[in-house]
Amino acid sequence: MLFLILPLMFLAQTSFSQAPVSVRTVFVKPGISIPVFGHWGDLDSGFKPSLSGSAMFIKDIDEGLSWGIESGYDLPHKNRNNNIKVSVFNISPVLFSWLGLAERKKYVYLGPGIYHWSSPKTSSFSSSSGTEFGLKAAAGILKKYSESLYFGAEIRFEHIFDMKGENFDLNSVNVLQFSITAAKRI
């Protein structure tokens with residue numbers, strides 16, 4: 001009987017003593033969104049960079065992996081030749097990983113997303129909008145300023161599978177975003 005009780009006591013003691021620490025982090029990221037590649041990013045007839053912003057919530061699953069959700073918005077990108085403007089809203093679940101687990105200074109994440117773009121009516125073009133799937137991948141670095149407040153920078157690549165409206169057909173769209181990051185542990 002003692003041979004059965006001792007392993008159970010050891011198992012119970014180790015499971016309670018190694019309970020994972022659940023850390024939640026909120027990110028706020030203002031930045032600039034730059035169209036790249038294809039018709040969207042063409043320097044002669046593509047679209048111009050615009051200001052962007054996003055917010056993200058991350059909850060640790062274990063020591064190496066976290067999950068979360070990110071939402072972002074690009075102010076209208078103006079076409080270089082026409083008076084077409086396109087703004088993009090997105091929402092994405094993400095898989096997130098801290099690099100250097102003890103310090104939590106560097107991170108990477110990726111995820112699929114839903115992207116809604118809209119183009120308002122102008123004097124020459126009618127309004128149009130659409131919703132499409134896409135992907136994102138990002139990397140960032142943070143510096144600790146207080147017990148739970150961090151500041152840093154992030155670079156993010158986003159790919160929208162198809163952006164086609166009444167006034168244009170851009171096929172796939174790629175955006176490179178540079179952001180200043182503020183993060184708070186809650």
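## Exercises on a predicted barrel

Of the 186 residues in the chain, 38% are buried, meaning under 20% relative accessible area, with exposed set at over 50% and partly exposed in between (1.4 Å probe, protein chains only). This is a predicted model, where local features need pLDDT of at least 70 and side-chain atom pairs count only at pLDDT 80 or more, while totals for chains, interfaces and linings use all residues. Residues are numbered from 1 along each chain as its sequence is written, and side-chain values use heavy atoms, leaving out hydrogens and water.

**Exercise 1.** Work out the fold from the strand pairing.

*Step 1.* Start with the elements: the chain has 2 helices and 8 strands. Helices (H or I, at least four residues) and strands (E, at least two) are DSSP runs numbered from the N terminus. Along the sequence they read α-β-α-β-β-β-β-β-β-β.

*Step 2.* Now pair them up; two strands count as paired if DSSP finds at least two bridges between them. β1 (residues 24-36) runs antiparallel to β2 (residues 50-60) over 10 bridges, and S33 sits opposite S50 in β2. β3 (residues 66-78) and β4 (residues 85-99) are antiparallel over 11 bridges, with H77 partnered by V86. Next, 10 bridges join β4 to β5, and 14 join β5 to β6.

*Step 3.* Look for the closure. β1 also pairs with β8 (residues 173-185), antiparallel over 10 bridges; there, V36 has N174 as its bridge partner.

*Step 4.* Put it together: you get a closed barrel of 8 strands, β1-β2-β3-β4-β5-β6-β7-β8, with antiparallel pairing. Its twist averages 25° from one strand to the next, using axes fitted to C-alpha atoms (for helices, over the stretch in contact) and angles from 0 to 180 degrees between N-to-C directions.

**Exercise 2.** Sort the residues of β5 by face.

*Step 1.* Recall the rule: in a regular strand the side chains alternate between the two faces of the sheet.

*Step 2.* Apply it to β5 (residues 106-119). The covered face holds Y107, Y109, G111, G113, Y115, W117 and S119, while the uncovered one holds K106, V108, L110, P112, I114, H116 and S118.

*Step 3.* Add neighbours for two covered residues: Y115 is the bridge partner of N90, and Y109 has A138 in β6 as its partner.

**Exercise 3.** Trace the salt bridges around E158 and K29.

*Step 1.* Use the cut-off: a side-chain nitrogen of Lys or Arg within 4 Å of a carboxyl oxygen of Asp or Glu. The whole structure gives 7 salt bridges.

*Step 2.* Take K29 and E154, which meet at 3.2 Å, N to O. K29 lies in β1 and E154 in β7 (residues 149-160), so this pair ties together parts 125 residues apart in sequence. K29 is buried at 1% relative accessible area, and E154 counts as buried at 4%.

*Step 3.* Move to E158. Its side chain meets K136 at 3.4 Å, N to O; K136 is in β6 and E158 in β7, 22 residues apart. E158 also forms a salt bridge with R156, with the closest N and O atoms 3.1 Å apart. K136 and E158 are both buried, and R156 is buried too.

*Step 4.* Join the pieces: K29, E70, K136, E154, R156 and E158 form a linked network of salt bridges.
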